[in-house]
Amino acid sequence: MKGGVPPSDTFLFELQLRHAHLLLGRFELVCGCCAPVEKFHYRLHFVHSVAVMRLQNPPVNSLNLDFLTEFCITVEKLEMDKSCRGLILTSNQPKVFSAGLDIMEMYEKSPESCGEFWKAVQEMWLKLYGSNMVTIAAINGSSPAGGCLMSITCDYRIMADNPRYSIGLNETQLGIVAPFWFMDTMMNTVGHRTSEIALQLGLLYSPSEALKIGLVDQLVPEDQILTTATQTMTKWLAIPDHARQITKSMMRKPTIDKLMSNREVDIQHFVNFITKDSIQKSLGMYLAMLKKRKS
Ligand SMILES: CCCCCC/C=C\CC(=O)SCCNC(=O)CCNC(=O)[C@H](O)C(C)(C)COP(=O)(O)OP(=O)(O)OC[C@H]1O[C@@H](n2cnc3c(N)ncnc32)[C@H](O)[C@@H]1OP(=O)(O)O
């Protein structure tokens with residue numbers, strides 16, 4: 001513990017809660033009083049009631065089952081920690097915020113594994129879209145498909161102004177169909193007409209195009225992304241929590257309820273769809289294209 005002032009009971013209690021996160025969640029915690037202990041899928045850093053989560057699942061922060069499970073446990077713990085009022089999501093990987101769902105979790109897998117994976121994807125969306133915290137995505141790299149979904153579940157999106165980066169729901173380009181709750185989240189963000197075009201064509205937008213259609217809220221130079229996210233967070237946290245939380249919940253509840261009352265059907269639909277030979281073939285071709293593009 002730094003400094004000569006004895007810690008208050010409340011502070012110690014909060015610290016214990018955070019240490020509990022540390023032990024259960026296997027992430028690296030960086031705060032004034034404790035040294036980093038373990039690195040895993042992300043680093044978590046607390047600054048004045050705000051958790052900054054830097055995703056680090058190399059090489060491209062693809063969302064696999066392990067990552068999603070760990071992510072959900074951590075968000076749930078932050079949600080329960082009354083001292084944590086905001087969450088900033090960003091990437092620790094160069095050039096990529098998140099490459100979306102890990103295609104390997106959907107390719108040549110058993111129906112059981114696919115079902116378990118899809119449940120974790122649903123859980124991630126439910127936790128983030130329904131969060132009481134202020135959530136800000138600091139998008140410091142490309143963010144296709146599931147990466148875009150993760151971003152649009154947040155309350156506010158700040159993207160690095162780098163024309164090489166892109167963001168969007170490009171599922172149709174892989175020969176797959178975004179489920180209704182991906183579509184709903186997109187429609188709630190950019191409106192129905194723009195979503196129709198974006199989703200049917202599987203468009204990936206440059207940062208300036210994304211700003212134009214309202215897919216992101218602000219562009220900044222990459223080296224200013226976290227400072228801007230922190231300043232934005234301060235503005236949002238100035239609003240009384242209860243009023244902001246009730247407003248958020250009233251606006252998102254119908255969309256959340258729609259998935260909540262159809263979770264099992266949605267899982268079955270996903271499993272039936274993704275295990276079809278024709279869809280497996282499309283995924284295989286897409287994976288080969290990704291690898292070929294690299295060489
Ligand atoms: C009812 C049915 C509903 C189904 C709904 C499914 C919903 C959502 C679907 C998804 O989220 S699918 C994922 C879609 N993601 C993408 O299309 C992105 C693909 N990746 C890229 O475009 C690029 O990798 C990148 C993110 C722009 C980064 O480019 P960079 O040049 O930095 O890196 P690469 O060399 O391309 O990739 C490195 C390495 O990672 C592998 N990889 C990339 N993305 C994925 C992925 N999403 N899943 C698994 N693996 C991925 C890539 O093949 C390379 O592998 P190696 O060659 O190194 O083995």
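**Figure 1. Helix α10 is the top contributor to the shell around the ligand.** In this predicted model, α10 hands over 4 residues to that shell. The helix covers residues 263-274, and α11 (277-294) joins in too, with each of the two supplying at least two shell residues.

**Figure 2. Here's who sits around the ligand, sorted by class.** The shell is made up of 18 nonpolar, 6 polar and 5 charged residues. Which of the 29 residues come nearest to the ligand? They are Ala 99, Gly 100, Leu 101, Ala 145 and Gly 146.

**Figure 3. Zooming in on Gly 100, one of the residues that come nearest to the ligand.** You'll find Gly 100 in the loop between β4 (86-91) and α3 (111-129). Is Gly 100 buried or exposed? It counts as buried, because it has 24 C-beta neighbours inside 10 Å, and 20 or more is what it takes.

**Figure 4. Gly 100 meets residues from elsewhere in the chain.** Skip the neighbours within four places in sequence, and Gly 100 is still in contact with Ser 62, Leu 63, Pro 144, Ala 145, Gly 146 and Gly 147. Take Ser 143 as well: Gly 100 and Ser 143 are 43 residues apart along the chain, yet 7.0 Å separates their C-alpha atoms.

**Figure 5. Helix α9 has a bend in it.** What span would a straight helix of 20 residues have? It would be 28 Å, at 1.5 Å a residue, but α9 (residues 241-260) manages only 25 Å between its end C-alpha atoms. Look at Lys 253, where α9 bends by about 50 degrees. A proline, Pro 254, follows within four residues.

Key: Residues numbered from 1 in each chain as written. Predicted model: local features only at pLDDT ≥ 70, side-chain atom pairs only at ≥ 80, totals over all residues. Expected span 1.5 Å × (residues − 1). Bend = angle between axes of the 7 residues up to and from the residue. Near = placed C-beta within 6 Å. Nonpolar A, V, L, I, M, F, W, Y, C, P; charged D, E, K, R; others polar. Buried ≥ 20, exposed ≤ 12 C-beta atoms within 10 Å, placed from the backbone. Contact = placed C-beta atoms within 7 Å.
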